[in-house]
Amino acid sequence: MQTYDFIVIGSGSAGSVVAERLSASGRFSVLVLEAGGTDRRFYVQMPLGYGKTFFDSAVNWNYTAEPDPGLAGNADHWPRGKILGGSSSINAMVWIRGAREDYDDWRDAGNPGWGFDDVLPAFKAIEDNQGGADDWRGTGGPVHVTDMSPAVHPLTHLYLKAGQQAGLPLNPDFNGASQEGVGIYQISTRDGRRMSAARAFLRPAMKRANVRVETNALATRILFEGARAVGVEYERNGHKETVRAGREVVVSAGSINTPQLLQLSGVGPARLLQSLGIPVVRDNANVGANLQDHVGINYTYRAKVPTLNQILRPWWGKLRVGMQYLLARSGPLSLSINNGGGFFRTDPSRARPNMQLYFQAFSTVIPKPGERPILAPDPWPGFSIGLSNARPSSRGEIMIRSADPREHPRIVANAYSTNADLDEMLDAVKFVRKIAAQPAIAGIIEAEVLPGPSVQSDADLIDDFRRRSGTVYHPVSTCRMGPDPASSVVDARLRVHELQNLRVIDASIFPGNITGNTNAPSIMTGWKGGEMVVEDQR
Ligand SMILES: Cc1cc2nc3c(=O)[nH]c(=O)nc-3n(C[C@H](O)[C@H](O)[C@H](O)COP(=O)(O)OP(=O)(O)OC[C@H]3O[C@@H](n4cnc5c(N)ncnc54)[C@H](O)[C@@H]3O)c2cc1C
């Protein structure tokens, strides 16, 4: 049986970085097992191509959550990258670190080394920010971060003005001194191409002689000798293989697959595992529990002026932006659809923002089956102001249904299952309407299309957002970090409690969700986690 010093399961946002960090010195051999295939695909590289990958089972796990009473019984679509780069190869590329207080809360929950001042150097080292280095930004790192300001659709500037008229400051850098306000997003791209974790970290690491990456390799079980992880069993091309880890197994399979794999391997809630005939290696009720996610909704408007719809929908418009992209790697196809954004407080008595905004100069009220119809928007001029909650109190779980590693686990989101989450979303959608009513933007609005002017009472607004909300793809905390095995899965050095030679390094370890999108924090987790593994080697 082949032996590597380290086996990393999953090549996503965190796993790609872990593989790079572990292999940098040349001292250790590293095997990466990735269930998906290559990221050398046009719609993965082209930023707006993520509309195509949204449902594409060639690159996406395409999960469906359980019907959720909080979402009017809807069974939500949960895309996750199944490809080199993981979800960073199919995401919307918005680059947000989260707020200082998010990380200080992580540290104060008993996790030394994870406060904002501890993680800031990692964020800076990761970045090659187009805006240059300052107290917060970094340059010269592997992830190029692009400022979309010169290229956003002109309507974005009306949104920014309207946001200020509604009382928010203009914020030039959501990753800078403060998050609050409206502004233009930074995105992870370079020269009009997606800057996934695979492009930034894994592909450079793959050039090293001590790194081997197996694609289409589904890890099915972690192998233990007593309490010590010693290897991994995986399936590739219909064959079962086993491989040994001389030093450690690192699970970086993401917030859904990491708890699934631990449970399949006998690490999880004992009663569930026993009921499925899985021998229990370590009973820990937190594996798969404590699921936190962001939920969001769009308010959509019909405009009196042309929007991106008039560019992306007609054949000649598609031809124009297609040529612009192919010849100059510029134009709308080279950007995230979320041009503008923001962070606000639903109640001034709050110490910091609890809601995130997205401005999209396009609309897709009329759905197209099997596609996120970014490349086929509505036939009329439309735009959307979207929002999502930042630190909801609702909790869900990810639990396996069977001992079959190919069967998708049960995803129970429990969205809007607390009064606090309902109340803040009600206040938040009213604030979106307040932005749309400001002089800077009201004059170009012909009508509110969704939810529409008839939806006015609190009961109707709640009913509407329950029916139309969905995940914004930021599940975290299903193997959360903490000092106590009774309430967490890994310690502050990301070692699985009460087991040896086994770590989890991905978004599942977040003790709580961050205020913003989760790719940059997952990459940071990969960076810090990878460095910790190296530091802990003799
Ligand atoms: C559609 C979408 C849009 C998003 N938009 C944004 C955005 O604009 N900005 C932002 O910051 N965040 C965004 N996110 C979220 C962000 O991309 C994720 O939070 C982040 O990528 C998670 O990183 P991870 O390392 O935890 O997991 P992932 O990146 O999902 O990596 C897990 C990897 O493990 C592999 N794997 C899983 N199980 C196994 C197994 N058993 N064997 C082998 N390999 C396995 C998977 O195939 C995958 O490659 C978005 C996500 C999605 C899905």
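This report walks through the cavities, strand pairings, salt bridges and some backbone details of a predicted model.

## Enclosed spaces

Let us start inside the protein. The model holds 2 cavities of 30 Å³ or more. The largest cavity offers about 150 Å³ of space. Its lining is made up of 24 residues, and those closest to the centre are D293, V295, A413, N414 and A415. Sorted by class, this lining comprises 10 nonpolar, 9 polar and 5 charged residues.

The second largest cavity has about 30 Å³ of space. If you would like to find it on screen, look for W95, I96, D173, F174, N175, I184, Y185 and Q186, which line this cavity. Here the classes are 5 nonpolar, 2 polar and 1 charged. Q186 is a handy residue to remember, since it turns up again in the next section as the bridge partner of D147.

## A three-stranded open sheet

Strands of a sheet pair through backbone hydrogen bonds, either parallel or antiparallel. One sheet in this model is open, has 3 strands in the order 5-6-8, and shows mixed pairing. Strand 5 (127-129) and strand 8 (186-187) are the edge strands, each pairing on one side only.

Strand 6, covering residues 143-147, runs antiparallel to strand 8 and is joined to it by 2 bridges. Within this pairing, D147 has Q186 of strand 8 as its bridge partner. A helix also belongs in this picture: helix 5 (residues 116-126) packs on the sheet and touches both strand 5 and strand 6. The direction of helix 5 makes about 65° with that of strand 5.

## Two hairpins in a row

Further along the chain, strand 12 (residues 217-225) pairs with strand 13 (residues 228-236) in the antiparallel sense, over 8 bridges. I222 stands opposite V232 of strand 13. These two strands form a hairpin with 2 residues between them, and G226 in the turn has a positive phi of about 60°.

Strand 13 also takes part in a second hairpin, with strand 14. Strand 14 spans residues 239-251 and runs antiparallel to strand 13, with 6 bridges joining the two. Y234 is found opposite E241 of strand 14. This hairpin likewise has 2 residues between its strands. N237 takes a positive phi near 50° there.

## Salt bridges

Side chains of opposite charge can pair when their charged atoms come close. How many salt bridges does a search of the whole structure find? The count is 37.

One of the pairs is worth a look in your viewer. R21 forms a salt bridge with E531, and their closest N and O atoms are 2.8 Å apart. The pair links distant parts of the chain: R21 belongs to helix 1 (residues 13-23) and E531 to helix 15 (residues 519-535), with 510 residues separating them.

## Backbone details in loops

Two loop residues may interest anyone checking backbone torsions. The peptide bond from L450 to P451 is cis, and its omega is near 5°. Where does P451 sit? Its place is in the loop between strand 23 (445-450) and helix 14 (458-468).

The other residue is R329, whose phi is near 50°, a positive value in a residue other than glycine. R329 is in the loop that lies between helix 11 (315-328) and strand 18 (340-344).

Terms used. Residues are numbered from 1 along each chain as its sequence is written. This is a predicted model: local features need pLDDT of at least 70, side-chain atom pairs count only at pLDDT 80 or more; totals for chains, interfaces and linings use all residues. Side-chain values use heavy atoms; hydrogens and water are left out. On a 1 Å grid over the protein atoms alone, a cavity is a set of points where a 1.4 Å probe fits but cannot get out, and a pocket is an open set with protein on both sides within 12 Å along at least five of seven lines; lining residues have an atom within 4 Å of a point. Grid points are joined across faces, edges and corners, and a volume is the space filled by probe spheres set on the points. Ala, Val, Leu, Ile, Met, Phe, Trp, Tyr, Cys and Pro count as nonpolar, Asp, Glu, Lys and Arg as charged, and the others, Gly among them, as polar. Two strands pair if DSSP finds at least two bridges between them. Helices (H or I, at least four residues) and strands (E, at least two) are DSSP runs, numbered from the N terminus. Contact means heavy atoms within 4.5 Å. Axes are lines fitted to C-alpha atoms, for helices over the stretch in contact, and angles run from 0 to 180 degrees between N-to-C directions. A salt bridge is a side-chain nitrogen of Lys or Arg within 4 Å of a carboxyl oxygen of Asp or Glu.
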